[in-house]
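Morning, everyone. Please bring up the model on your screens, and I'll walk you through it.

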Amino acid sequence: MAEKLVIIGAGMASGRMLEHLFEAEPGRYDVTLFGAEPRGNYNRIMLSPVLAGEKRYEDIVTHDADWYAANNVRCRFGQTVTKIDRAAKTVFADGVETPYDRLVIATGSAPFILPIAGRYLPGVRAFRDLDDVEAMVSMADKPDAKAVVIGGGLLGLEAAAALRGRGMEVVVLHLSGHLMERQLDAAAGYLLRRELEGRGIKVHCKAQTKAILGTDRVEAVALDDGTIYPADLVVMAAGIRPETRLATDAGIEINRGIVVDDAMVTSDSDILALGECVEHKGAVYGLVAPLYDMAKVAAKTLTGTEATFKPVQTATQLKVTGVSLYSAGDFAEADDREEIVLRDATAGVYKRVVLKDNRVLGAVLYGDTADGSWFFDLLKRGTDIAPMRDTLIYGQSYGGGASADPLAAVAALPAEAEICGCSGVCKGTIANAITSKGLTSLDDVRAHTKASASCGSCTGLVEKLLMATLGDKYNPAAIQPMCNCTELGHDEVRRLIVAQELKSIPAVMQELGWKTSCGCAKCRPALNYYLVANWPGEYEDDGQSRFINERVHANIQKDGTYSVVPRMFGGLTTANELRAIADVADKFDVPTIKVTGGQRIDLLGIKKEDLPAVWADLNKAGMMSGAAYAKGLRTVKTCVGSDWCRFGTQDSTGLGVRIEKFMWGSWTPAKLKLAVSGCPRNCAEATCKDIGVICVDSGYEIHFGGAAGLDIKGTEVLCHAKTEDEAMEIIAALTQLYREQGRYLERIYKWAKRVGSDSIKVNVVEDLAKRRQLFERFVYSQKFAQVDPWEERVNGRDAHEFAAMADFQMLQAAE
Amino acid sequence: MNDWVDIGCLEDVPRRGARCIKTPLGKIAVFRTADDRVFAIDDQCPHKGGPLSQGIVHGAQVTCPLHNWVFSLETGTAQGADKGAVRTYPLRLHQDRILIDAHSFAAATAA
């Protein structure tokens with residue numbers, strides 16, 4: 001019968017250990033896995049991107065129910081082990097006894113909660129597991145919410161950046177004189193601080209937190225120096241300590257952590273421990289690389305193979321999108337050490353390498369971290385750098401005389417160079433796996449070598465390695481062609497339209513080698529949109545490449561009749577307009593009149609030949625097409641705002657009307673619906689729109705990327721604008737960026753997911769010059785777009801569309 | 001026996017587009033391709049009755065505006081995985097005039 005293996009803790013270390021164990025001896029143990037969280041193993045390092053909204057929980061699950069089932073793991077998730085009885089060799093959870101032959105303690109660490117008043121108030125969270133992330137996200141969703149992050153280390157800063165990205169006001173309190181003092185020197189700490197402050201995060205160093213204030217929930221944080229920061233959320237990120245309570249109670253030897261030997265065995269030979277809860281030769285570990293090494297050793301010990309845990313030096317990277325920061329080794333100053341520093345203030349680059357006897361002891365890189373693994377490799381190998389000392393700081397490509405081509409730089413790395421710090425995978429291992437196992441994709445490499453499978457910061461290196469090893473055979477993210485008429489994807493086509501200045505559909509098809517003579521119903525409307533969007537004023541719209549609704553400016557219905565929706569700016573109408581609509585309904589026997597979700601009126605069941613006459617009557621009353629059929633600006637929904645509503649903070653109706661008057665007529669990749677709510681009660685439902693505005697006392701909170709159709713998705717906050725003008729500029733710039741980058745029929749939320757909201761924020765929020773350029777391109781394109789298509793047709797354009805060519809209905813009667 | 005009647009000139013139909021003629025049988029869609037060939041088929045998709053004249057014309061094919069079925073203008077048969085067909089009507093191009101065989105639809109009702 002299989003031996004009984006019980007594991008306490010379903011985190012990254014035990015998860016990796018199980019992988020090794022099942023690989024080596026699949027059926028050897030009958031495994032029971034306890035986890036305090038009500039879920040299986042996920043990549044805890046990636047909680048920061050989840051908090052930032054860049055990834056979803058599903059993206060970071062490492063072992064799903066199928067994996068546990070396939071390996072016959074008895075999962076006891078959500079059950080906390082309360083006692084280990086070493087004499088009886090059982091553990092207790094929820095009053096149930098589970099016997100073991102071998103026990104593995106992998107309880108990880110617990111966040112260090114400062115022993116100050118108010119620490120248990122609701123609204124005080126650690127940043128440790130998914131529940132913390134979910135709680136923080138729901139807090140960040142509230143308008144004007146404020147967060148105080150205690151601790152300016154790796155975890156605290158990742159939390160701060162993510163919360164700021166979600167629109168919270170964020171203050172970071174840090175005890176030491178500069179941020180991340182364990183990984184960074186003061187200069188790099190300063191650059192990091194400047195970057196974070198540029199994003200609107202307040203950083204308070206040398207901050208002694210005195211108390212957390214609040215009655216029913218957290219309201220503020222008080223410092224020793226008398227400063228008080230208001231807070232709706234306090235994140236405790238002041239450090240972690242090994243979670244040793246179970247082991248202590250069981251009488252296992254404890255120091256700072258659970259003491260283990262080189263084979264990961266505790267003072268009880270039947271009990272192993274690994275991960276953040278252990279202490280090995282006086283050291284405890286918090287980064288993932290050594291934990292994975294422990295997992296390897298523990299798995300070997302469990303299968304009776306001799307193995308020794310040898311701690312290696314580790315490098316650190318901060319996972320804040322847009323910040324490049326790398327540190328490794330020891331970089332403290334000392335008399336017998338020398339340092340080489342390179343600063344480029346304009347480019348925001350700082351590099352410092354610490355040397356002793358011509359060998360690299362440590363390196364700190366900020367702004368440009370491309371050479372991180374190279375320095376780290378020199379450090380670990382103890383390479384004598386004397387011959388390249390003069391150019392060392394400029395990095396590998398300079399010193400080695402190789403070109404600055406990053407691919408060449410990766411190709412030049414020695415086989416032992418470490419690529420993935422988390423899993424300790426070196427270049428040779430990956431390259432061998434690629435050739436011997438025929439790997440062709442990033443996912444393959446992750447599955448076979450574990451490289452790039454944890455924090456993902458080496459993904460670029462792994463991709464370059466794939467390119468260098470496979471050459472042309474490497475086809476990153478095989479591109480989905482636009483349609484069967486071409487091999488090219490939407491993005492390439494668009495890029496080539498710009499690069500080769502292609503200004504007509506026949507030109508695109510000719511130059512890009514279309515396989516059909518005149519395209520198909522998929523590619524033609526897409527090409528027409530790309531050309532309209534890229535060449536305003538130059539490209540002549542091709543009506544025959546538009547879907548019927550956009551060709552005849554009404555919505556085709558199932559019976560071949562059309563529906564007509566006049567524009568009502570901001571959902572406002574007048575008695576005159578309503579009278580005209582009523583008259584049209586009478587005159588043309590309109591069978592159904594319906595109020596739409598976009599705050600206007602739909603006349604359904606109109607015969608195609610009647611359309612121009614209907615439009616003529618509506619035009620006369622001052623109404624124009626509502627573009628209810630368009631892949632373009634549809635509606636701007638509003639509430640009554642400060643004009644009428646007792647809660648309204650701004651003139652939401654006025655702003656909505658202004659936006660709609662400014663933006664009507666614009667074509668976008670897919671339909672674009674907006675809304676403006678006058679207060680956070682959000683009666684205009686702005687938080688499920690493509691772009692939404694929530695008015696607040698201090699101005700306008702701009703949201704984007706919502707959906708309430710096939711998919712349901714709340715918006716995310718783009719930024720805060722102080723004035724209507726600023727809000728208008730941001731909304732137009734955002735729309736223009738979407739117009740330029742969105743694939744045809746790709747709604748704004750899908751585009752945002754594809755390109756990443758950070759890149760959008762950089763262009764629309766952070767870089768004011770770029771925002772202005774986008775805005776100006778939008779304004780320019782509107783010059784040609786704001787023509788009422790109904791009026792054109794009332795005046796005779798495309799008359800052939802609305803009349804039969806010949807009528808033979810009377811043929812029989814006449815004969 | 002044919003009964004060729006004039007329904008209009010080539011220029012009345014936009015390239016890569018269609019116009020309708022009304023007949024006792026219902027509408028017939030007259031198509032003109034990018035290379036100036038003309039075709040006539042029933043203006044009713046066999047799937048859900050969509051007006052094929054309103055579809056996007058590509059090559060000698062049209063895509064129905066309601067649910068994207070694609071039909072050959074030459075044979076009237078649905079392309080790809082969809083099964084079905086629409087009736088085709090003989091057309092002639094005499095210089096720039098389009099002629100349809102009125103017999104093809106008049107006879108059908110008379111019979």
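Let's start with a term. Contact means heavy atoms within 4.5 Å. Helices (H or I, at least four residues) and strands (E, at least two) are DSSP runs, numbered from the N terminus. Buried means under 20% relative accessible area, exposed means over 50%, and partly exposed is in between, with a 1.4 Å probe and protein chains only.

Now the ground rules. This is a predicted model, where local features need pLDDT of at least 70, side-chain atom pairs count only at pLDDT 80 or more, and totals for chains, interfaces and linings use all residues. Residues are numbered from 1 along each chain as its sequence is written, chains are lettered from A and ligands numbered from 1 in the order in which they are written, and side-chain values use heavy atoms, with hydrogens and water left out.

First stop: helix α21 of chain A. How many of its 10 residues are buried? The count is 8, so the helix is mostly covered. Among the buried ones are A:L611, A:W615, A:D617 and A:L618. What covers them? The cover includes α19 (548-552), β30 (562-564), α20 (575-587), β32 (601-606) and α28 of chain A. Just after the helix, A:G622 takes a positive phi of about 90 degrees.

Stay with A:D617. It is buried, at 18% relative accessible area. A:D617 forms a salt bridge with A:K587, with the closest N and O atoms 2.8 Å apart. By salt bridge I mean a side-chain nitrogen of Lys or Arg within 4 Å of a carboxyl oxygen of Asp or Glu. A:D617 is in helix α21 and A:K587 in helix α20, so the pair ties together parts 30 residues apart in sequence. A:K587, in contrast to its partner, counts as exposed, at 54%.

Next, A:W615 in the same helix, α21. Rings of Phe, Tyr and Trp (its six-membered ring) pair if their centres lie within 6.5 Å; planes under 30 degrees apart count as stacked, over 60 as edge-to-face, and the rest as tilted. A search of the whole structure finds 15 aromatic pairs over all chains. Take A:Y42 and A:Y57: centres 5.6 Å apart, planes at 75 degrees, so edge-to-face. A:Y42 is buried at 4%, while A:Y57 is partly exposed at 22%. Back to A:W615, which pairs with A:F802: centres 5.7 Å apart, planes at 85 degrees, so again edge-to-face. That pair links distant parts of the chain, 187 residues apart, with A:F802 in the loop between α28 (789-794) and β40 (806-807). Both A:W615 and A:F802 are buried. Elsewhere, ring pairs link A:F22, A:W67, A:Y68 and A:F77 into a cluster.

More salt bridges. The count comes to 60 over all chains. In one of them, the side chains of A:R743 and A:D491 meet at 2.5 Å, N to O. A:R743 lies in the loop between α24 (724-741) and α25 (748-755) and A:D491 in helix α16 (residues 490-499), so this pair ties together parts 252 residues apart in sequence. There is a network too: salt bridges link A:E37, A:R39, A:R44 and A:D131.

Now four cysteines. An unreviewed UniProt entry lists A:C639, A:C645, A:C679 and A:C683 under "binding site". They are spread over 45 residues of sequence, yet they cluster in space, with a largest C-alpha distance of 10.7 Å. UniProt positions are given in the numbering used here, feature names are shortened, and annotations may be inferred rather than shown by experiment. Is A:C639 buried or exposed? It counts as buried, at 17% relative accessibility. A:C683 counts as exposed, at 62%. Leaving out residues up to four places away in sequence, A:C683 touches A:C639 and A:S677.

Last, the interface. Here 34 residues of chain B are in contact with 31 residues of chain A. The two chains bury about 2600 Å² between them, 61% of it on carbon and sulfur atoms. Buried area is the accessible area (1.4 Å probe) that two parts lose on being put together, summed over both. In chain B, the residues B:R16, B:K22 and B:I56 lose the most area to chain A, together 27% of what that side buries. The rule finds 2 salt bridges across this interface. Look at B:K22 again: its side chain meets that of A:E609 in a salt bridge, at 4.0 Å, N to O.
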